[in-house]
2 protein chains.
Amino acid sequence: MPHYERVEKVRLLVVDDDPPIADLVATVARYEGWQAITANSGEEALRLAAEFHPDIVVLDLMLPDLDGFGVLDRLRGAGTMVPVVFLTARDGVADRVAGLTRGGDDYLVKPFAVEELMARLRTVLRRSAGPGFQRSVLRVADLMMDEDTREVRRGDKLLTLTPTEYEVLRYLMRKSPTVLTKAQILDHVWEYGFGGRSNVVELVVSRLRRKLDDTGTPLIHTVRGFGYVIRQAAE
Amino acid sequence: MPHYERVEKVRLLVVDDDPPIADLVATVARYEGWQAITANSGEEALRLAAEFHPDIVVLDLMLPDLDGFGVLDRLRGAGTMVPVVFLTARDGVADRVAGLTRGGDDYLVKPFAVEELMARLRTVLRRSAGPGFQRSVLRVADLMMDEDTREVRRGDKLLTLTPTEYEVLRYLMRKSPTVLTKAQILDHVWEYGFGGRSNVVELVVSRLRRKLDDTGTPLIHTVRGFGYVIRQAAE
DNA sequence: CCGCAGCTGTCAAAAAGCTGTCGTACATCT
DNA sequence: AGATGTACGACAGCTTTTTGACAGCTGCGG
């Protein structure tokens, strides 16, 4: 299912002092087939990095001891060029991070949506794999989504999606032809901690359908009492 | 019968302060050939987890001492990455759980149907078994059920089932060619504590037959005075 | 050929899903 | 700063589907 070619499992090190968050990320990654370990402090992170040799690191900036920047410096100081994706608080040090995100690194603001984090990790990995990296394009029937350009087309028609619509569609496409429950969609696409108990998912699906099923046959199907799938109509 | 490959028995730890519920789950699991133990408090759960090394945990959120979240934290703190399926009251802390379940752990609302719980446990186990996990497809004669896409076909014909029909059929197929009593079906597919003492099972079977026996030879057979089976032919 | 288990049509209540409207928040442009 | 536009999600009304109670009928097995 992964779209970057790799023989071995991706090795991910997650560094966050909040264990639930670190677990969350590690668990999602494992479900993608990755190998993930967590560290809850800067020192622990450095120790684990040295022996685990991660392919990518998720690094919270706010750590009890050494902060995220410090960890990065010492990683680099040790000669590791492993790419890093930072996590920062909403109104944190966004600008300083931005400065650090060249060279394939990236950052995300907390609270984030799980799918978005995974998408960024995949992108960073893909880019850091060297020049001539593969474009990532998802296809379902005549629907196409280019994850690099964020272009979405149904046949020839270019669609304009809002960020939420885009994320929901991507998740559906990634998992196609598996049926997803509304809860799964909510849990993966919305930020963790989102309280919205309303019908947001239905609403976004409704809007999505209007945009993409308006040309051609319906692609997003309701599985009553269960959830949604995107796939070519099964006869 | 399990569809994920495993040489040893699955080891399940059930944590619920209501002994009947914990036992119910453990019993069903044992009947599936699993090895199951129960704990009625958070502390006991941690103690048992340490020595039993479960492959999966069913964890009620409402516990007398340490609550479900606390248990999870301490499990994780001890470095256990065992997957967890939570149980919560109907309009309890569903949203808080959501935050924890994004990873791939799952949750179910009480009162639940036993088959649904087992299905989720199987799914979680299957996914956490690593990348490239097997699709789960059940077959009986020319009837096929794909548990991921929820597609059900008789020969080429795609069937559209309601949630209840789907669950009853899945249970029958899973147990095929064993004959199941109406009581067993009722107990496994409907939520525990379901009051309906009417002929619901007969009704659903009737509807199922109309949908799937309409093409080809009958597959669901009545064993008069006992129950139902699904299988090729009753010779 | 009788009696009872099983089958199924009908129907009303409940659940699930869809979508229009609107207020708020945030970003962008002038 | 003010104006304009876009995105999001709460809410509510409405439609469709599902479910199970009830009751009468069927037909199996003795």
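Author: Let's start with a term: contact means heavy atoms within 4.5 Å. This is a predicted model, where local features need pLDDT of at least 70 and side-chain atom pairs count only at pLDDT 80 or more, while totals for chains, interfaces and linings use all residues. Residues are numbered from 1 along each chain as its sequence is written, chains are lettered from A and ligands numbered from 1 in the order in which they are written, and side-chain values use heavy atoms, with hydrogens and water left out.

Reader: Which residues does A:Leu121 touch, leaving out those up to four places away in sequence?

Author: A:Leu121 touches A:Trp34, A:Ile56, A:Val58 and A:Val85. The residue sits in helix 5 (residues 114-128) of chain A; helices (H or I, at least four residues) and strands (E, at least two) are DSSP runs, numbered from the N terminus.

Reader: And is A:Leu121 buried or exposed?

Author: The cut-offs go like this: buried is under 20% relative accessible area, exposed is over 50%, and partly exposed is in between, with a 1.4 Å probe and protein chains only. A:Leu121 has a relative accessible area of 0%, so it counts as buried.

Reader: How do I read a helix's length, say helix 6 of chain B?

Author: The expected span is 1.5 Å times one less than the number of residues. Helix 6 (residues 163-175) of chain B has 13 residues and should span 18 Å, and its end C-alpha atoms are 18 Å apart, which agrees. In that helix, 11 of the 13 residues are buried, including B:Tyr166, B:Leu169 and B:Lys175.

Reader: On to the DNA. Which residues come nearest to strand C?

Author: A residue is near a strand if one of its heavy atoms lies within 4 Å of it. Of the 24 residues around DNA strand C, A:Asn199, A:Tyr228, B:Asn199, B:Arg209 and B:Tyr228 come nearest. Of the strand C atoms within 4 Å of the protein, 63% belong to sugar or phosphate and the rest to bases.

Reader: What polar contacts go with that, such as the one from A:Tyr228?

Author: A polar contact is a pair of N or O atoms within 3.5 Å; within protein, one must be able to donate a hydrogen and the other to accept it, and residues adjacent in sequence count only if both atoms are side-chain atoms. An N or O atom in the side chain of A:Tyr228 is 2.5 Å from a phosphate oxygen of DNA strand C. For B:Thr222, a polar side-chain atom lies 2.6 Å from a phosphate oxygen of strand C.

Reader: What about DNA strand D and B:Arg224?

Author: There the partner is a base nitrogen of strand D, 3.3 Å from an N or O atom in the side chain of B:Arg224. A:Thr164 goes to the backbone instead, with a polar side-chain atom 2.3 Å from a phosphate oxygen of strand D.

Reader: How many salt bridges are there over all chains?

Author: A salt bridge is a side-chain nitrogen of Lys or Arg within 4 Å of a carboxyl oxygen of Asp or Glu. By this rule the count is 38 over all chains. One of them pairs A:Glu165 with A:Lys211, the closest N and O atoms being 2.7 Å apart. A:Glu165 lies in helix 6 and A:Lys211 in helix 8 of chain A, so the pair ties together parts 46 residues apart in sequence. A:Glu165 is buried at 5% relative accessible area, whereas A:Lys211 is partly exposed at 29%.
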